[in-house]
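Work through the exercises below with the sequence and the structure side by side, and try each task before reading its solution.

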Amino acid sequence: MMLFNHHDHLGTDQSLCPFKMLTGFPCPGCGITKSLVYLYEGDLYKSFSYHLFGPFVFLFCWVTIIVLTAEIITGKSYFNSLFYSKKLAYGLAIVLVVYHLGRVIYFVHGHTREEILKESIWK
């Protein structure tokens with residue numbers, strides 16, 4: 001992952017997502033890396049614009065590191081019931097599907113057929 005975005009090349013470079021390369025449409029995870037890079041640069045607006053969940057992935061990773069460290073030190077389990085909750089998993093899956101459908105509809109509305117094909121390998 002590139003931590004230095006010289007000349008804002010992330011906004012113009014081709015994505016390496018296999019799904020996007022084949023179809024021209026973004027996959028549910030497209031934009032997370034760019035979102036994280038802009039978050040590291042301190043540009044929260046651009047981070048959210050590339051993927052809504054990028055900053056939350058960053059926050060989740062830090063919370064997980066802190067909780068796992070506390071579990072190792074104390075020998076207790078704090079969030080096992082939460083991490084292994086089917087309700088939480090289904091809820092997060094529904095949120096991700098709804099968000100992705102919204103992204104795809106917005107993407108199709110804002111791009112022509114030729115622009116979508118340009119995003120794929122079928123140029």
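## Exercise 1: The chain as a whole

Of the 123 residues in this chain, 24% count as buried, and the model they belong to is a predicted one.

**Task.** Find how many helices and how many strands the chain has, and work out what share of the contacts with a separation of 6 or more comes from residues 24 or more positions apart.

**Solution.** Begin with the secondary structure: the chain has seven helices and zero strands, and reading along the sequence therefore gives the pattern α-α-α-α-α-α-α. Turn next to the contacts, where residues 24 or more positions apart account for 54% of those with a separation of 6 or more. Finish with the surface, of which the chain exposes about 9,200 Å², with carbon and sulfur atoms supplying 72% of that area.

## Exercise 2: Aromatic pairs

**Task.** Determine whether the pair F25 and F107 is stacked or edge-to-face, and then do the same for the pair Y38 and Y50.

**Solution.** The chain has seven aromatic pairs in total. For F25 and F107, the ring centres lie 6.1 Å apart and the planes meet at 65 degrees; because an angle over 60 degrees counts as edge-to-face, this pair is edge-to-face. The two residues sit 82 positions apart, with F25 in the loop between α1 (18-23) and α2 (32-41) and F107 in helix α6 (residues 86-110). F25 is partly exposed at 28% relative accessibility, whereas F107 is buried at 10%.

For Y38 and Y50, the centres are 5.3 Å apart and the planes differ by 10 degrees; because planes under 30 degrees apart count as stacked, this pair is stacked. Y38 belongs to helix α2 and Y50 to helix α3 (residues 44-50), so the pair ties together parts that are 12 residues apart in sequence. Y38 is buried, with a relative accessible area of 2%, while Y50 is partly exposed at 22%. Ring pairs also link F48, F53, F56 and Y99 into a cluster.

## Exercise 3: Helix α2

**Task.** List which residues of α2 are buried, and name elements that help to cover them.

**Solution.** Going along the helix, the buried residues of α2 are K34, S35, L36, V37, Y38 and L39. Looking next at their surroundings, what covers these buried residues includes α3 and α4 (54-74). Lastly, look just past the helix, where α2 is followed by G42, a residue whose phi is positive, near 95 degrees.

Technical notes: Residues are numbered from 1 along each chain as its sequence is written. This is a predicted model: local features need pLDDT of at least 70, side-chain atom pairs count only at pLDDT 80 or more; totals for chains, interfaces and linings use all residues. Side-chain values use heavy atoms; hydrogens and water are left out. Rings of Phe, Tyr and Trp (its six-membered ring) pair if their centres lie within 6.5 Å; planes under 30 degrees apart count as stacked, over 60 as edge-to-face and the rest as tilted. Helices (H or I, at least four residues) and strands (E, at least two) are DSSP runs, numbered from the N terminus. Buried means under 20% relative accessible area, exposed over 50%, partly exposed in between (1.4 Å probe, protein chains only). Contact means heavy atoms within 4.5 Å. Accessible areas come from the Shrake-Rupley method with a 1.4 Å probe; for residues, only the protein chains shown count as cover.
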